[in-house]
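Colleague: Please take one strand of this model and go through it closely. Then place it in the whole chain.

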Amino acid sequence: PGDGRGDVNNHVRRAMAAGIEWVSAAGNEARTHWEGTFSDPDGNGFHNYSGTDEGNSVFLRAGDVFIVWLNWDDWFESSQDYDLYLVDPAGRLIAFSDNFQDGTQLPIEAAGFIAPTTGEYFVAINRFSASRNVKLEAFFLVSSESVNRLQYVVPAGSLTIPADTPGAIAVGATFWRDDTGEPFSSQGPTSDGRTKPDLTAPDGVDTASYLAFGESFFGTSASTPHVAGAIALLKSAFGIYTLDQVVEI
């Protein structure tokens with residue numbers, strides 16, 4: 001649910017209870033995330049992203065992989081049933097997910113495909129059986145630069161799990177040369193309103209493995225080790241610090 005609850009988060013809590021400072025990558029999903037409250041002003045059962053627009057479009061090239069994960073705020077056993085539909089440039093259904101949510105299932109739908117042709121594809125969300133308009137959240141995976149061409153994107157709330165765990169330190173990415181924020185670096189807040197990330201650190205850095213391929217290491221996974229190393233040095237020199245103290249230092 002993005003509020004620090006869940007199986008993976010519980011493992012993080014156990015580590016922190018054992019005295020380990022948990023440092024977690026915020027994620028690289030700021031340009032591949034959307035969220036919003038279900039809205040259906042025309043009453044046809046499909047979400048309107050804006051005005052009368054019921055499809056979040058993305059331009060794909062033939063052979064691109066495209067996957068959508070959808071969830072909503074009815075954790076962990078949902079009775080609000082929403083479905084996910086992916087439509088090709090000709091308006092034909094190409095993939096879908098219509099799991100039942102009748103009070104015992106997770107509020108999750110996921111679907112994907114390999115684009116058979118180049119063109120504009122669409123993501124639609126249907127309210128199959130629900131008693132309220134839920135808050136929807138979608139993450140997208142695109143295997144090419146089409147990721148920059150999603151029609152509707154919401155960077156806020158794109159933080160990934162387990163960086164949402166209370167007490168864990170979530171790290172965002174900045175470009176090493178000028179410390180500007182990376183546009184893909186996931187943002188908070190958490191779904192329960194906490195500010196994230198806690199710190200940022202450089203990416204675009206050199207490592208032995210990446211240098212072997214003539215490349216640099218980008219993303220919040222490159223930034224996170226800088227913070228973890230700095231915390232290890234602080235703890236070694238000065239003892240144990242709380243999260244607030246570490247962030248302040």
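Modeller: Start with strand β5, residues 81–87. 7 of its 7 residues are buried, so the rest of the structure largely encloses this strand. Keep in mind that the model is predicted. Buried here means under 20% relative accessible area.

Take the two faces of β5 in turn. On one side sit Asp81, Asp83, Tyr85 and Val87, all buried. On the other side sit Tyr82, Leu84 and Leu86, and these are buried too. Both faces of β5 are therefore covered, with every one of its 7 residues counted as buried.

Now the pairing. Strand β8, residues 119–129, runs antiparallel to β5, and 7 bridges join the two. Within β8, Asn126 stands opposite Asp83. Asp83 is one of the buried residues of β5.

β5 has a pairing with β6 as well. Strand β6 covers residues 93–97 and is antiparallel to β5, with 4 bridges between them. Val87 of β5 has Leu93 of β6 as its bridge partner. The two strands make a hairpin, and 5 residues lie between them. Gly91 belongs to that turn and has a positive phi of about 85 degrees.

Next, a sheet elsewhere in the chain. It is open, has 3 strands in the order β1-β10-β11, and pairs them in parallel. β1 (23–25) and β11 (199–203) are the edge strands; each has a single partner, so one side of each lacks a neighbour in the sheet. On average, neighbouring strands of this sheet are turned by 45 degrees against each other, direction ignored. β1 and β10 (residues 169–175) are joined by 3 bridges. One named pair there is Ala25 with Val171, the latter in β10. Helix α3, residues 220–238, lies across β1, β10 and β11. The helix runs at about 120 degrees to β10.

Finally, the whole protein. It holds 4 helices and 11 strands. Its radius of gyration is 20 Å, close to the 18 Å from the globule rule for 249 residues, so the protein is as compact as a globular protein of that length. The C-alpha trace spans about 60 × 45 × 25 Å along its principal axes. Of the 249 residues, 42% count as buried. Consider contacts between residues at least 6 apart in sequence: 76% of them join residues at least 24 apart. The accessible surface is about 12200 Å², and carbon and sulfur atoms account for 55% of that area.

Technical notes. Residues are numbered from 1 along each chain as its sequence is written. This is a predicted model: local features need pLDDT of at least 70, side-chain atom pairs count only at pLDDT 80 or more; totals for chains, interfaces and linings use all residues. Side-chain values use heavy atoms; hydrogens and water are left out. Two strands pair if DSSP finds at least two bridges between them. Axes are lines fitted to C-alpha atoms, for helices over the stretch in contact, and angles run from 0 to 180 degrees between N-to-C directions. Contact means heavy atoms within 4.5 Å. The radius of gyration is taken over C-alpha atoms; the globule rule is 2.2 Å times the number of residues to the power 0.38. Buried means under 20% relative accessible area, exposed over 50%, partly exposed in between (1.4 Å probe, protein chains only). Accessible areas come from the Shrake-Rupley method with a 1.4 Å probe; for residues, only the protein chains shown count as cover.
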